Amino acid sequence: MNNTIHAQVIVIGSGPSGYSAAFRCADLGLDTILVERYNTLGGVCLNVGCIPSKTLLHIAKVIKEAKDLHQSGIFFNEPVIDIKKVQTWKENIIKKLTNGLSYMRDKRKIRIFHGHAVFDTDKSISIISQEDKLTVFFDSAIIATGSKPIQIPSIPNDDVRIWDSSDALSLQCIPNRFLIIGAGIIGLEMATIYSALGSNVDIIDRFNHFLPAVDQDISNIYIKSINKKFNLMLNTHVDNIKLDHSGLITHLIKDGVDQKNMLYDAILVAIGRTPNIDKLGLDKIGLKINDFGFISVDNQLKTNIPHIYAIGDVTGFPMLAHKGVHEGHIAAEVIAGKKHYFEPRVIPSIAYTEPEIAWVGLNETQAKKEDIDYAISIFPWSSSGRAMASNSTLGMTKLIFNKNNNKIIGGSIIGTNAGELIGEIGLAIEMGCDAEDIALTIHAHPTLYESIGLSAEIFQGTATDVLNYNA
């Protein structure tokens, strides 16, 4: 094997941002090498993140809907869960997607090397595997190494009962008593899954308000919806954990007050993620890291070394796959000589909980901080015929408008399939739509997405489905 090769572009990491960048580079005629330390493509998102979590969340949703049908006179027996078959079903979905990526990589003639990449110079890297060491010289490099879970130093991580998100998604067991530390998107989604599968779930967060990008009225609806599913405790943290054969004896402190020791069968630590950049040798080449520990990039995804780019989670918040995919496209196009820039007005976020929470653009807190004279318009799903018919009235569509020009600047939806509905609001913001543009767009009836049009009508004072306070 020749231990020294050359490529126009080397992409380090094959998650959504990495493989998207590599595929786009190849489509633009660039000789591209992809480096991945694991055996399959897709990164955390496809293998142990987004896809497996949504697979299990689908199961959780079906279980919930089956139970809810009792109100309509339709009765099912309690679900019998064959955890091995669920695992197999999940793994088959992942396998189909990873095989698809491998097929597309092969057809694009992208060379792939499995191993750990370390920069030697700003023009070369070493790819180290168990079998060999390969040096690659490149014209341009794209760093797309993703992120890993943050650990809590005071909590032991060498006990099989202490989980990170990958452990939780492996579905090795369904703990009877389950503690989740961190009420962010990952924590809330795991609580949704395991409570549906039969676990008694406590979820804690040291802050007073979970999902800070979500307004309080949205949070209040969510808290109301989960009262009978799992226990959410805010302003709470773990003081210490005692490892015992009977379980994990956990001492909690809530609102500054000691709580009685709780016994759990498993504990998931889901307090956030940190970039995978510590073993790349970036200090050796002088690549700049910002004060938050992420790689600094400009709006073309260039680092302080102009021919080295960074995309995805390593560049900072929001740490979302769809953001990374778009960054990957831009980086590839810039390398190919196009004058393209990563300048989205908004990036949507979704918590795939039950009900789902989705938001895009500014929330009320941000609008106040930016001193925008804004107005909100809310359509409650309790007034939606489709929501009533589908037993999903616990929901709300909220739009935020700039009162100076009536342009939409933000929106939030909580309710069934909110993640599918938020797209119209994102497009409206990108297109610079005002309330009238949305209100005069005919929305199909009866649908859940018509709540967006109706919310705009309420702002306009033209709604007839609800009392019109702005008329």
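**Figure 1. D255, a partly exposed residue with a positive phi.** D255 has a relative accessibility of 46%, so it counts as partly exposed, being under the 50% needed for exposed and over the 20% that bounds buried. Like everything shown in these views, D255 belongs to a predicted model. Look for D255 in the loop that runs between strand 13 (247-254) and strand 14 (257-258). Its backbone deserves a glance too: phi is positive, at about 55°, although D255 is not a glycine.

**Figure 2. N417, another non-glycine residue with a positive phi.** Here phi is about 60°, and N417 is not a glycine. The residue sits in the loop between strand 23 (407-415) and helix 12 (418-430). Is N417 buried, exposed or partly exposed? With a relative accessible area of 30%, N417 is partly exposed.

**Figure 3. The cis peptide bond between F317 and P318.** Omega for this bond is about -5°. P318 can be found in the loop between strand 18 and helix 9 (321-335).

**Figure 4. The cis peptide bond between E354 and P355.** In this view omega is about 5°. P355 belongs to the loop between strand 19 (349-351) and strand 20 (356-361). Keep E354 in mind for the next legend, as E354 is also among the residues that lie nearest the centre of the second largest pocket.

**Figure 5. The second largest pocket and its lining.** The pocket has a volume of about 670 Å³. Its lining is made up of 24 residues, and those nearest the centre are K64, D68, S225, K229 and E354. Which helices each supply at least two residues of this lining? They are helix 3 (50-68), helix 6 (185-197) and helix 7 (216-226). Helix 3 gives the largest share, with six residues. If you sort the lining by class, you will find ten polar, eight charged and six nonpolar residues.

**Figure 6. The largest cavity.** By the rule used here, the model has one cavity of 30 Å³ or more. The volume of the largest cavity is about 40 Å³. As a reminder of how such spaces are found, rolling a probe the size of a water molecule over the atoms shows where empty space is left. Around the largest cavity you can pick out P149, I150, S165 and I186, together with V269, A270, I271, G272 and R273. By class, this lining has six nonpolar residues, two polar ones and one charged one.

**Figure 7. Where domain 1 meets domain 2.** The domain assignment divides the chain into domain 1 (4-149 + 274-336), domain 2 (162-271) and domain 3 (348-460). Note that domain 1 is given as two segments, 4-149 and 274-336. The C-alpha centres of domain 1 and domain 2 are 28 Å apart. How many residues of each domain are in contact with the other? From domain 1 there are 17, and they touch 16 of domain 2. Between them, the two domains bury about 1,400 Å², and 72% of this area is on carbon and sulfur atoms.

**Figure 8. I330, a buried residue of helix 9.** I330 has its place in helix 9. Its relative accessibility is 12%, and because this is under 20%, I330 counts as buried. Which residues does I330 touch, leaving aside neighbours within four places in sequence? The contacts are L301, H340, Y341 and F342. A21 makes a good reference point for this view: I330 and A21 are 309 residues apart along the chain, while their C-alpha atoms are separated by 8.0 Å.

**Figure 9. K369, an exposed residue of helix 10.** You can locate K369 in helix 10, which spans residues 364-369. A relative accessible area of 77% makes K369 exposed, because that value is over 50%. Q87 lies 282 residues away from K369 along the chain, and the C-alpha atoms of the pair are separated by 46 Å.

**Figure 10. D291, an exposed loop residue.** This last view shows D291 in the loop between helix 8 (282-285) and strand 18 (308-310). D291 counts as exposed, with a relative accessibility of 81%. D291 and I180 are 111 residues apart in sequence, and 29 Å separate them in space from C-alpha to C-alpha.

Conventions: Residues numbered from 1 in each chain as written. Predicted model: local features only at pLDDT ≥ 70, side-chain atom pairs only at ≥ 80, totals over all residues. Heavy atoms only, no water. 1 Å grid on protein atoms, 1.4 Å probe; cavity = no way out; pocket = protein on both sides within 12 Å on 5 of 7 lines; lining within 4 Å. Points joined across faces, edges and corners; volume = space filled by probe spheres on them. Helix = DSSP H or I, 4+ residues; strand = E, 2+ residues; numbered from the N terminus. Nonpolar A, V, L, I, M, F, W, Y, C, P; charged D, E, K, R; others polar. Buried < 20%, exposed > 50% of the residue type's maximum accessible area, 1.4 Å probe, protein only. Domains from an automatic or database assignment. Contact = heavy atoms within 4.5 Å. Buried area = accessible area lost by both parts, 1.4 Å probe.
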